[in-house]
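This briefing introduces one protein model to a reader who is new to structural biology. Please keep the sequence and the structure in view while reading.

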Amino acid sequence: MITLKDVQTARENINDITRVTPVLTSELLSEMCGNQLYFKAEHLQKTGSFKIRGATNRVKQAALDGAKHVTAASSGNHGQAVSYIANQLHIPATIVVPVDASQCKINAIESYGGKIEKCGTTSGERLPRAKYIAEEKNGVFIPPYDDPFIMAGQGTVGLEILDQIKDVDAVVVPVGGGGLISGVLTAIKESNPKVKIIGVEPEIANDTYLSLKKGKITSIPATTTIADGLRTNQPGDLTFPVLQKYLDDLVLVSEDEIKQAFSLVLERMKQMIEPSSATTVAAALSGKLGLKGKRVVTVISGGNVDLAQLPQFIVSIENLW
Ligand SMILES: *Cc1c(COP(=O)(O)O)cnc(C)c1O
């Protein structure tokens, strides 16, 4: 398992590339939730999500190991992050994306310098292809979450939260494969175990919820949640034990709750966050955290939205308060 020291080392290792992102507040949302709410704004991070933290830590290690190439299998934020950092380090990158990946995501990856390769429609097809290319080119495959360097890099979000906000009571983190939350758990629980850490998943992507309940890694069928960064169908072999050890609670939010939170943040805070991040705000608004009156940080994990999809995410918020 990674330790606090690994996360501290990661922070030293990545701080020439990543930003210390701001913490935002909203009186309206705090009032609606009955909490003092803070928003850790990773949608304002380089490449538009926290993924650049783990990717930088991992790709720098690959460079030290003499890698001549890196690959990733992701059309989303991880693909963009690997593309960006590889370019900064002058290492060629190939990002394997599904044949039906949106042009907007392809453009983002290419704008950072990565080469696109299209392959199949499932991760079962893309993963072996990305690993094969890595081997062929004397390179390294960069996994999205189940890797100690990735987890430690993502955990730097937790160190910043402790630095930036006094007397935090709880931190709410979205859960996909668990890279972000396992890093944050390690950083915060090994610094101040009194801080509660609560994970959030969409109701229809509840693989980690089920796994925790059963006490073993459990997978679910493919899901279509609008929180596309949380569509992984099972937690990682390395991330899951960290959640079992430290996690205080995991709450589920509906697709409607995600859309309401998204719309509220856009209209009232003027922030474009992505649905995967709106899950944490949705959890706070829902009352499911059970933390009335506490100082609660929601991790806004990213802000990459395909504008063509925007109308699907927006709902009326008039009746919410
Ligand atoms: C990847 C991602 C997540 C989930 O992170 P994991 O490390 O897979 O749990 C959440 N939000 C956004 C915006 C992401 O890109």
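Which polar side-chain atom lies 2.7 Å from a nitrogen atom of the ligand? The atom belongs to the side chain of S301. The model is a predicted one. The points below begin with the annotated domain and the ligand, and then turn to aromatic pairs and individual residues.

**The annotated domain**

- The UniProt record, an unreviewed entry, lists residues 17-302 as "domain: Tryptophan synthase beta chain-like PALP".
- Across residues 17-302, helix accounts for 44% of the chain and strand for 16%.
- The C-alpha atoms at the two ends of residues 17-302 are 17 Å apart.

**The surroundings of the ligand**

- There are 16 residues around the ligand, and those that come nearest are K51, N77, G176, G178 and S301.
- The shell around the ligand consists of nine polar, five nonpolar and two charged residues.
- In the side chain of N77, an N or O atom is 2.8 Å from an oxygen atom of the ligand.
- G177 contributes through its backbone: one of its polar backbone atoms is 2.9 Å from an oxygen atom of the ligand.
- Of the 390 Å² of accessible area that the ligand has on its own, the protein covers 97%.

**T239 and its contacts**

- T239 lies in helix α10, which comprises residues 239-246.
- T239 counts as buried because its relative accessible area is 0%, and buried means under 20%.
- The T239 side chain reaches the backbone oxygen of G177 at 2.9 Å.
- A polar atom of the T239 side chain also lies 3.0 Å from the backbone nitrogen of G236.
- G177 therefore takes part in two of the contacts described here, one with the ligand and one with the side chain of T239.

**Aromatic pairs**

- A pair of aromatic rings is described by two quantities, the distance of the centres and the angle of the planes.
- The model contains two aromatic pairs.
- Y84 and Y112 form an edge-to-face pair, with 5.5 Å from centre to centre and 90° between the planes.
- This pair links distant parts of the chain, as the two residues are 28 residues apart.
- Y84 belongs to helix α4 (residues 77-88), whereas Y112 is in the loop between α5 (103-111) and β5 (115-118).
- Y84 is buried, since its relative accessible area is 14%, whereas Y112 is partly exposed at 23%.
- F262 and F313 have ring centres 5.5 Å apart and planes at 75°, so this pair is edge-to-face; the angle for that class must be over 60 degrees.
- Because F262 lies in helix α11 (residues 255-269) and F313 in helix α13 (residues 310-313), the pair ties together parts that are 51 residues apart in sequence.
- Both rings belong to buried residues: F262 has a relative accessible area of 1%, and F313 has 5% relative accessibility.

**Exposed residues with a positive phi**

- H90 is a residue other than glycine, and its phi has a positive value near 60°.
- H90 is located in the loop between α4 and β4 (93-97).
- H90 counts as exposed because its relative accessibility is 71%, and exposed means over 50%.
- N138 also has a positive phi near 60°, and this residue too is other than glycine.
- N138 is placed in the loop between α6 (123-136) and β6 (140-141).
- With a relative accessible area of 57%, N138 is exposed.

**Exposed aspartates in loops**

- D167 is found in the loop between α7 (148-164) and β7 (170-174).
- D167 has a relative accessible area of 60%, so this residue is exposed.
- In sequence, D167 and K294 are 127 residues apart, while their C-alpha atoms are 9.8 Å apart in space.
- D237 is in the loop between α9 (207-214) and α10.
- D237 has a relative accessible area of 56% and is therefore exposed.
- D237 and I217 are 20 residues apart in sequence, and the distance in space from C-alpha to C-alpha is 7.7 Å.

Definitions and conventions:
Residues numbered from 1 in each chain as written. Predicted model: local features only at pLDDT ≥ 70, side-chain atom pairs only at ≥ 80, totals over all residues. Heavy atoms only, no water. UniProt positions renumbered as here; feature names shortened; annotations may be inferred. Helix = DSSP H or I, 4+ residues; strand = E, 2+ residues; numbered from the N terminus. Near = heavy atom within 4 Å. Polar contact = N/O pair within 3.5 Å; in protein donor to acceptor, adjacent residues only side chain to side chain. Areas by Shrake-Rupley, 256 points an atom, 1.4 Å probe, with all protein chains shown as cover. Nonpolar A, V, L, I, M, F, W, Y, C, P; charged D, E, K, R; others polar. Phe/Tyr/Trp six-rings, centres within 6.5 Å; stacked < 30°, edge-to-face > 60°. Buried < 20%, exposed > 50% of the residue type's maximum accessible area, 1.4 Å probe, protein only.
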